[in-house]
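The following explanation goes through one structure, from the chain as a whole to single residues. Keep the model open while reading.

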Amino acid sequence: MNEVTKCEIPTVADIVKLIEAGLYKTNAHDFISDILECGAIAIANSIKKTQRREETYFQIINKYDKEQQNLIVEIFSKIYILLLNQINPDVGFNDYLGEIYMQSQISNNKTGQFFTPFHISKLTAGVEMDTKTVKEYMEQDRILKIFEPSCGSGGMILACADILYNKYGFNISRNLFVECGDIDRRCVCMAYLQLSLAGIPAIVYHRDGLTLQTWDKWETPAYLMQYLRFKNCKKERLKC
């Protein structure tokens, strides 16, 4: 199979344009939220299918007519291709879903929600990254753990993964484990999609980061396919 070339990979602008094409019939906030949740369910159920998520998927998708359903599929297929190519040096890591959300012009006037620009997240991650520690984990084949109680769309985690992968050659699919969460279900879906398609083992919780009240748990494919390797990571953190 030939590799996807850079010109064949959708851009944020391509995806935003498609989203805007579907807004004449529906609310922008709801439309984007539904695309993200349907996409997250599609990924989750491809590895570990649950009846509850399957029912949720059909409850969402059946709100739309056939034309809108086809548009949702087209939009998510482009999101899928873009996020799947984060380790492609011609594409690179980024908070793509955060950008799509911001450029869709619903953050300011609807929710007041903003996502940190990726270059700032990457700068912050670079300052916090300890070269000696990273090299020790690589040499000893140990699991480096990242915990983020208010992850938003996952931008800071992706910035860490970017530096680990591209600067150090760190195996983010074998030696990185992420446990994160957010109170906003839309953010949970965004983070889950971006971490899943970057090949990062992670558990993403829909929960209140202060009270730890939890409503849902999303496990990425890379976590589930290596469950025996990562199953004790959470237990180890609680002992510290």
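**From surface to core**

The accessible surface of the chain comes to about 12400 Å², and carbon and sulfur atoms account for 52% of that area. The model is a predicted one. Its chain contains 13 helices and 4 strands.

The overall dimensions can be read in two ways. Along the principal axes, the C-alpha trace of the chain spans about 55 × 40 × 40 Å. The radius of gyration is 18 Å; because a compact globule with 240 residues would have a value near 18 Å, the chain agrees with that expectation. Of the 240 residues, 50% are buried. Among contacts with a separation of 6 or more, 71% are between residues 24 or more positions apart.

The charges can be summarised by their mean positions. The chain has 28 positive and 29 negative charges, and the mean positions of these two sets are 6 Å apart.

Next comes the interior. The largest nonpolar core has 66 residues, and the members that touch the most others in it are I75, I79, L176, V178 and L195. Apart from this core lies another, of 7 residues, which include I143, F177, Y223 and F230. For I75, the partners beyond four places in sequence are I15, L18, I19, F31 and I35.

Which residues does D216 contact, leaving aside its neighbours within four places in sequence? They are R52, R53, R185, V204, Y205 and H206. D216 itself is found in strand β4. Its relative accessibility is 6%, and the cut-off for buried is under 20%, so D216 counts as buried. From D216 to G181 the C-alpha distance is 9.7 Å, with their positions 35 residues apart in sequence.

Another charged residue, R186, is placed in helix α10, which covers residues 185-197. R186 also counts as buried, because its relative accessibility is 9% and the cut-off is under 20%. R186 and V127 are 59 residues apart in sequence, and their C-alpha atoms are 29 Å apart in space.

I120 can be taken next. This residue lies in helix α7, residues 118-128. Is I120 buried, partly exposed or exposed? With 38% relative accessibility, I120 counts as partly exposed, because that class lies between the 20% and 50% cut-offs. The C-alpha atoms of I120 and C160 are separated by 12 Å, and the two residues are 40 apart along the chain.

Two loop residues remain, and both concern the backbone. Most residues other than glycine have a negative phi. D141 has a phi near 55 degrees, a positive value in a residue that is not glycine. Its place is the loop between α8 (131-139) and β1 (144-148). The relative accessible area of D141 is 34%, so D141 is partly exposed.

L212 likewise is not a glycine and has a positive phi, of about 65 degrees. L212 sits in the loop between β3 (202-207) and β4 (214-219). At 53% relative accessibility, L212 counts as exposed, because the cut-off for that class is over 50%. The strand that follows this loop, β4, is the one in which D216 is found.

Methods:
Residues numbered from 1 in each chain as written. Predicted model: local features only at pLDDT ≥ 70, side-chain atom pairs only at ≥ 80, totals over all residues. Heavy atoms only, no water. Helix = DSSP H or I, 4+ residues; strand = E, 2+ residues; numbered from the N terminus. Buried < 20%, exposed > 50% of the residue type's maximum accessible area, 1.4 Å probe, protein only. Rg over C-alpha atoms; globule rule 2.2 N^0.38 Å. Contact = heavy atoms within 4.5 Å. Areas by Shrake-Rupley, 256 points an atom, 1.4 Å probe, with all protein chains shown as cover. Lys, Arg positive; Asp, Glu negative; His and termini not counted. Charge placed at Lys NZ, Arg CZ, Asp CG, Glu CD. Core = buried A, V, L, I, M, F, W, Y, C linked by side-chain atoms within 4.5 Å.
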